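The report below follows the strands of one chain, the link between two of them, the core they share and two residues with unusual backbone angles. Please keep the sequence and the coordinates at hand while reading.

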Amino acid sequence: QVRLVESGGGLVQAGGSLRLSCAASGSIFSINAMGWYRQAPGKQRELVATITSGGGANYKDSVKGRFTISRDNAKNTVYLQMNMLKPEDTSAYYCNAEVRHYSWSVPTNYWGQGTQVTVSS
């Protein structure tokens, strides 16, 4: 099994910054893509940003230029630096990781428990 532990959420004023972290631990041979998703009350979960093991990143259009995803493969950790935050960024943010338990196994998807980000106007 694999556990993803997120940290770094909180309350911030519009225009401010937060940095989210997500550390994976457990039975890990390697991790393919890692990413951040968010879900507001009454809405579907949506992709915010993903990053491959080689560092290739993909972003939701509305966060491009404001958010930066990065990862430390040695620490099995992914980060999300969020700048110029807006009230519409308010949501629960969830970490995701595609984990291989063994060299021959297919990747398994894991989710963190979520961390709340609230941006006040």
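## Strand pairing around β9

In this predicted model, β9 pairs with strand β10 (residues 108-111) in the antiparallel sense, and four bridges connect the two. Within that pairing, valine 99 has threonine 108 of β10 standing opposite. The strand β9 also pairs with β11, again in the antiparallel sense, through three bridges, and here tyrosine 93 has threonine 115 of β11 as its bridge partner. A further antiparallel pairing, over eight bridges, joins β9 to β4, where glutamine 39 stands opposite alanine 92 of β9. As for accessibility, β9 is mostly covered, since eight of its 10 residues are buried.

The antiparallel pairings for which a facing pair of residues can be named are set out here.

| Strand pair | Bridges | Residues facing each other |
|---|---|---|
| β9 and β10 | four | valine 99 and threonine 108 |
| β9 and β11 | three | tyrosine 93 and threonine 115 |
| β4 and β9 | eight | glutamine 39 and alanine 92 |
| β7 and β8 | six | arginine 71 and valine 78 |

## The four-stranded sheet

An open sheet is built from four strands in the order β1-β3-β8-β7, and their pairing is antiparallel. At its edges lie β1 (2-7) and β7 (67-72), each of which pairs on one side only. From one strand to the next, the twist averages 15 degrees. At the β7 edge, six bridges hold the antiparallel pairing of β7 with strand β8 (residues 77-82), and arginine 71 is found opposite valine 78 of β8.

## The disulfide

How many disulfides does a search of the whole structure find? The search finds one, and this disulfide joins cysteine 22 to cysteine 95, with an S to S distance of 2.1 Å. The pair links distant parts of the chain, 73 residues apart, as cysteine 22 belongs to strand β3 (residues 18-26) and cysteine 95 to strand β9 (residues 91-100). The angle about the S-S bond is -80 degrees, and the link between cysteine 22 and cysteine 95 is left-handed. Both cysteine 22 and cysteine 95 are buried.

## The nonpolar core

In soluble globular proteins, nonpolar side chains tend to be buried together. The largest nonpolar core of this model has 28 residues, and those touching the most other members are Trp36, Leu80, Met82 and Tyr93. At least two residues of this core come from each of β1, β3, β4 (30-39), β5 (46-51), β7, β8, β9 and β11 (115-120).

## Two residues with positive phi

Most residues other than glycine have a negative phi. Against that background, which residues deserve a check of the backbone? One is asparagine 76, whose phi is near 50 degrees, a positive value in a residue other than glycine. Asparagine 76 is placed in the loop between β7 and β8, and its relative accessible area of 22% makes it partly exposed, because buried would require a value under 20%. Another is methionine 84, which likewise has a positive phi, near 50 degrees, without being a glycine. The loop between β8 and β9 holds methionine 84, which counts as partly exposed at 46% relative accessibility, because only a value over 50% would make it exposed.

Note on methods
Residues are numbered from 1 along each chain as its sequence is written. This is a predicted model: local features need pLDDT of at least 70, side-chain atom pairs count only at pLDDT 80 or more; totals for chains, interfaces and linings use all residues. Side-chain values use heavy atoms; hydrogens and water are left out. Two strands pair if DSSP finds at least two bridges between them. Axes are lines fitted to C-alpha atoms, for helices over the stretch in contact, and angles run from 0 to 180 degrees between N-to-C directions. A disulfide is a pair of cysteine sulfur atoms within 2.5 Å. Buried means under 20% relative accessible area, exposed over 50%, partly exposed in between (1.4 Å probe, protein chains only). A nonpolar core is a set of buried Ala, Val, Leu, Ile, Met, Phe, Trp, Tyr and Cys residues joined through side-chain atoms within 4.5 Å.
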